[in-house]
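Visitor: I am new to this structure and would be grateful for a close look at a single part, the salt bridges. Please explain where the partners sit, and then place them in their wider setting.

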Amino acid sequence: IEKHGGLTYEALKEMTYMNQVICESQRCHAALGFMRKICTEEFQLQGSDGLTYRAKPGEHIIIPIHALHNDPKYWRDPEVFDPERFDEERKQTIQKMTFLPFGEGPRICVGIKIAMLQVKACIATLLRNYRLELSPKTQVPPKISPKYLLSEIDGGVWVHISKL
Ligand code: HEM
């Protein structure tokens, strides 16, 4: 931030480790736990149990983002928070369509870039100016509430914030 004379676009772009931390947080707790799609072309789904299903146009399909992000078939030790999964080298090995925090394909989130910049600016501002300590009121490990469409932690996220 000092190098760029403030929290500029260039400064945010250089915070590459923060990208890794945000990606890993999204893997563990994606904002949207699943997506709904409507089948447009007939195709065959192959289940890991050997069963197949022929999807027909017009049928509703659920893409289980949260389950894909935590499936040991695609992620080693999925329960471990490990931002190194997203370093330049290792992120090349992530199987396509198994990391979907912003969706994929023609309807991928149009706000990815602005969302990432805003989240990074927010975290950088907080870390620069405040000390954050987890309050015992926050459940660990966090439990996602089934009540909402977007992922929300049961009981909320409580943090003690004090000025540095
Ligand atoms: C961290 C923040 C965000 C997350 C996790 C997120 C996630 C997503 C996801 C998963 C989808 C795809 C939904 C689907 O295919 O069913 C989506 C679509 C979309 N997002 Fe975001 N989003 C974020 C921020 C934003 C922002 C800041 C904007 C606008 C500036 C935005 C605008 C949109 C729009 C317009 C679509 C629909 C695109 C389409 O259907 O063609 N999003 N987002």
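Guide: A residue counts as buried under 20% relative accessible area, as exposed over 50%, and as partly exposed in between (1.4 Å probe, protein chains only). The model is predicted, so local features need pLDDT of at least 70 and side-chain atom pairs count only at pLDDT 80 or more, while totals for chains, interfaces and linings use all residues. Residues are numbered from 1 along each chain as its sequence is written, and side-chain values use heavy atoms, without hydrogens and water.

The chain as a whole provides the frame. The protein chain contains four helices and six strands (DSSP runs numbered from the N terminus: H or I of at least four residues for helices, E of at least two for strands). Their order along the sequence is α-α-β-β-β-β-α-α-β-β. The C-alpha trace spans about 60 × 35 × 30 Å along its principal axes, and 24% of the 164 residues count as buried.

Within this frame, the whole structure holds eight salt bridges (a side-chain nitrogen of Lys or Arg within 4 Å of a carboxyl oxygen of Asp or Glu). One of them pairs R128 with E2, and the closest N and O atoms of this pair are 3.0 Å apart. R128 belongs to helix α4, whereas E2 belongs to the segment before α1 (9–14), so this salt bridge ties together parts that are 126 residues apart in sequence. The two partners fall into separate accessibility classes: R128 is partly exposed, with a relative accessible area of 46%, and E2 counts as exposed at 65%.

A further salt bridge brings together the side chains of K91 and E88, with 3.2 Å from N to O. Here K91 is partly exposed at 37% relative accessible area, and E88 is exposed at 56%.

The pair D154 and K143 also forms a salt bridge, with the closest N and O atoms 3.9 Å apart. Both D154 and K143 lie in the loop between β5 and β6, so the pair ties together parts that are eleven residues apart in sequence. With a relative accessible area of 21%, D154 is partly exposed. Elsewhere, salt bridges that share partners join E24, R27 and R85 into one network.

The network deserves a further remark. E24 is found in helix α2 and counts as buried, because its relative accessibility is 0%. The side chain of E24 makes a polar contact with the side chain of R85 at 3.0 Å. Such a contact is a pair of N or O atoms within 3.5 Å; within protein, one must be able to donate a hydrogen and the other to accept it, and residues adjacent in sequence count only if both atoms are side-chain atoms.

Returning to D154, one can follow the chain to Q139. The side chain of Q139 reaches the backbone oxygen of D154 at 3.5 Å. Q139 sits in the loop between β5 (130–134) and β6 (159–163), and Q139 is partly exposed, with a relative accessible area of 35%. Q139 and G155 are 16 residues apart in sequence, and their C-alpha atoms are 7.3 Å apart in space.

Helix α4, which holds R128, also leads to the ligand. Together with β1 (35–38), α4 (112–129) is one of the elements that each supply at least two residues of the shell around the ligand. Of the 14 residues around the ligand (each with a heavy atom within 4 Å of it), M35, K37, R107, C109 and V110 come nearest. Two of these residues present polar side-chain atoms to oxygen atoms of the ligand: K37 at 2.6 Å and R107 at 2.8 Å. The iron atom of the ligand has a single donor from the protein, the SG atom of C109, 2.2 Å away. Donors are N, O and S atoms within 2.8 Å of the metal (3.2 Å for Na, K and Ca), and sites may look incomplete as water is not among the atoms. C109 itself lies in the loop between α3 (65–69) and α4.

In short, α4 takes part in the shell around the ligand and, through R128, in the salt bridge with E2, while D154 receives the side chain of Q139 at its backbone oxygen and pairs with K143 in a salt bridge.
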